[in-house]
Amino acid sequence: MVQQEVVVKNRLGLHTRPAASLVKLAAKFKSEFFLERDGYRVNGKSIIGVMTLAAEEGARIVLLFEGEDEEAAMKAMVDFFDRGFDEL
Amino acid sequence: MSSEHVVVPDAAEEIVLRGIGASPGIAIGKVLLLEKDGIVVEERGVDNPAVELERLQKAIDRSNYELEKIYHTAREKIGDEKARIFEAQLLILSDPVFLEEVKKKIVKSRKNAEFVVSTEFSKQVEQLKRSGNELFKQRAMEIDDSKNRILRNLAEAKLKSRFEGTPIVVTSEFTPADAVLLSRNQVLGYVSDYGGARSHASILSRSLGIPAVVGLKEATKHVKDGVDLILDGYRGIIVINPSEGTLKKFRDRKQWCEQLDTELMTEAGKPALTTDGRRVSVEANIELLEELPLLRPHGADGIGLFRTEPLIIDSDSIPDEMEQADIFRQAVEAVEPNAVIFRTFDIGGDKMFVGNHSEQNPFLGWRGIRMMLDRPDLLREQFRAILRTSAFGKCKIMYPMVATDEEVIRANEFLEEAKKSLDAEEVKYDKNIEVGVMIEIPSAALMSKEIARHVGFLSIGTNDLTQYLLAVDRTNELVAHMFEEFHPAVLRTIKFVIDAGHDAGVKVAMCGEMAGNPLATVMLLGMGLDEFSAVSSMLPVLKKIIRSTNYKSARKFARQLLKMESVDEIKKSLSDYLKTRFERIYFTTLSEGDIE
């Protein structure tokens with residue numbers, strides 16, 4: 001299992017549109033993927049789950065991956081957060 | 001058998017319910033009840049979970065099909081951008097992880113699909129509601145809507161989207177989806193348990209010219225399909241099972257109101273000129289672009305308040321400079337050659353979109369210009385959008401929630417920066433664009449002369465000014481009755497601001513609720529107010545009053561009112577004045593509370 005902490009960078013946070021893109025990106029990988037914020041953990045392949053994180057700008061989130069392509073999945077996801085979900 | 005248990009369906013009791021008049025007009029017709037959250041979910045053990053799984057899948061497929069159709073209609077009716085609100089619901093309905101979880105729970109708990117769907121969705125809704133961020137709370141409504149849709153399809157109940165005749169539709173709360181679906185039918189009026197005058201559905205009904213009363217709390221409990229109902233959108237009341245006498249009264253009232261409306265609308269294009277030649281400006285407050293087509297027919301002399309924060313709420317994002325400029329341009333084109341006053345984002349208070357924090361005292365907290373000065377990135381972008389728009393028509397800029405002149409100076413500096421950046425890019429704009437300030441905080445009211453030195457106009461916001469002057473939070477039921485915009489302290493403050501503005505050589509406007517209240521029109525005119533800005537449906541009424549009034553006598557009347565020391569005395573004088581001189585306006589447009 002691998003994990004890394006990331007910060008939400010776009011000003012509206014992880015709202016509906018980025019949540020949808022994030023779930024689509026996660027679906028490309030076989031690994032299980034979870035997001036954790038202040039002890040609340042959601043499945044990263046569920047749009048409803050990701051939305052309930054209510055992660056606003058500046059929120060710190062731990063990404064956790066488990067599976068054969070976990071390294072690649074983490075790299076892609078961290079990059080997506082760093083790009084501010086392409087909303088910067 | 002005792003007679004009190006005999007139910008006589010034909011002689012059902014007349015019930016009067018009071019709510020909020022969301023769209024003016026009177027409708028008399030039969031009820032069509034649109035049930036939504038009325039689905040009672042039972043907890044039931046099941047022997048064969050496979051049957052439940054199959055039912056659930058069918059309900060989900062059916063829900064998807066319905067939503068696809070709504071999405072399609074919405075794109076035709078309100079455009080791609082706004083139709084996106086339905087995309088989120090489509091995504092929710094196709095969340096494989098979540099739905100798999102629901103199915104597993106059905107198998108494991110051996111409970112009926114309704115119960116598990118309801119419990120699991122509600123957990124997510126609660127989780128979202130706990131977040132302090134307004135945008136995320138909005139998403140909770142979408143998840144809730146998806147839940148209700150699946151539940152209804154589990155009950156194999158059809159969505160009532162097409163129906164015979166022309167009913168008055170009654171429901172718990174209108175969603176944008178309802179508004180889209182119902183717009184394909186002939187509807188006499190809308191009635192709902194929840195919602196306010198500024199909700200989406202209310203604004204939509206105003207622009208469609210359909211009378212509506214919202215916020216009735218339990219209208220759905222008292223009606224059934226086919227029941228007779230009277231809806232009075234002026235006074236915000238409904239009458240269920242009206243007696244013959246009541247029906248006659250309202251038929252007469254309807255005729256009388258419609259006649260007055262027609263007369264007022266015919267004259268709406270004439271200038272707001274008093275009988276002795278004082279010209280004032282009567283402008284519109286705008287919330288949504290759907291309202292723009294109403295402006296010219298209602299005789300608006302421009303837009304006195306264009307609220308920009310609904311752009312954020314509607315699109316689930318902060319529109320960038322070019323998106324804002326596109327929207328602003330539509331407003332400018334709708335009123336040219338008149339001006340549009342764009343108020344910079346008034347967020348914060350109870351509407352938090354930036355960041356995720358809650359405040360003990362939001363109305364005394366980080367809101368309006370305070371927040372924007374802390375987020376110059378947003379302010380600069382908005383300034384640039386307004387400046388770009390000014391190349392196509394007359395624009396003005398207004399700052400909300402100003403407490404001191406330093407805030408105005410700082411905001412003006414950001415505006416200068418924005419101008420310079422556009423100069424560098426050789427973008428055209430109106431170099432003399434006028435800037436104004438909303439006067440809604442007591443400190444700003446007292447310092448309005450000093451503040452006026454830095455701007456071209458002042459605009460009084462009566463709702464917040466009243467709240468801060470009287471220290472009454474209107475949303476707090478325990479003290480709401482103390483909220484009184486006709487309090488002598490409020491009136492004297494308004495007069496002080498108008499005089500201070502005039503001393504400094506600037507015009508003074510009002511864009512709060514009082515500006516649209518016919519009771520106050522003559523008084524405000526007499527105090528010397530230069531510009532009235534109100535919901536467009538009220539503009540013909542204001543113009544009629546102004547055009548029939550002598551400015552000199554209005555001044556005298558205002559002087560008398562300003563000497564009065566009690567609310568009752570002030571309100572009685574205003575009420576008597578309107579009743580004697582404008583009897584029909586008095587009985588048509590005033591809410592019952594004002595009349596009593």
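**Exercise 1. Find the residues in contact with B:Val340, leaving aside its neighbours within four places in sequence.**

*Solution.* Start with the criterion: two residues are in contact if their C-beta atoms, placed from the backbone, lie within 7 Å. With that in hand, B:Val340 touches B:Gly302, B:Ile303, B:Phe306, B:Ala331, B:Val332, B:Val335 and B:Cys395.

A word on the model before we go on: it is predicted, so local features need pLDDT of at least 70 and side-chain atom pairs count only at pLDDT 80 or more, while totals for chains, interfaces and linings use all residues. Residues are numbered from 1 along each chain as its sequence is written, with chains lettered from A and ligands numbered from 1 in the order in which they are written.

**Exercise 2. Place B:Val340 in a nonpolar core.**

*Solution.* First, the terms. A nonpolar core is a set of buried Ala, Val, Leu, Ile, Met, Phe, Trp, Tyr and Cys residues joined through C-beta atoms within 7 Å. A residue is buried if 20 or more other C-beta atoms lie within 10 Å of its own, exposed if 12 or fewer, and partly exposed in between.

Next, the largest core: it has 100 residues, and B:Val340 is among those with the most contacts inside it, together with B:Ile303, B:Val402 and B:Val437. Apart from this core lies another of 53 residues, including A:Leu63, A:Met74, B:Val125 and B:Ile143.

**Exercise 3. Trace the strand pairing around E13(B).**

*Solution.* Strands (E, at least two residues) and helices (H or I, at least four) are DSSP runs, numbered from the N terminus; two strands pair if DSSP finds at least two bridges between them.

Step one: E12 (395-399) and E13 (434-439) of chain B run parallel, joined by four bridges. Here B:Met398 has B:Gly436 as its bridge partner.

Step two: E13(B) also pairs with E14 (457-460) of chain B, in the parallel sense and over four bridges. B:Ile439 is partnered by B:Ile460.

Step three: add helix H14 (405-424) of chain B, and E12(B), H14 and E13(B) make a right-handed β-α-β unit. Right-handed means that, with the strands pointing away from the viewer, the path from the first strand over the helix to the second runs clockwise.

**Exercise 4. Describe the side of chain B that touches chain A.**

*Solution.* Begin with the count: 21 residues of chain B are in contact with 16 residues of chain A. Helices H2 (85-93), H3 (96-109), H4 (113-129) and H5 (134-154) of chain B each supply at least two residues of that side. H5(B) gives the most, with four residues.
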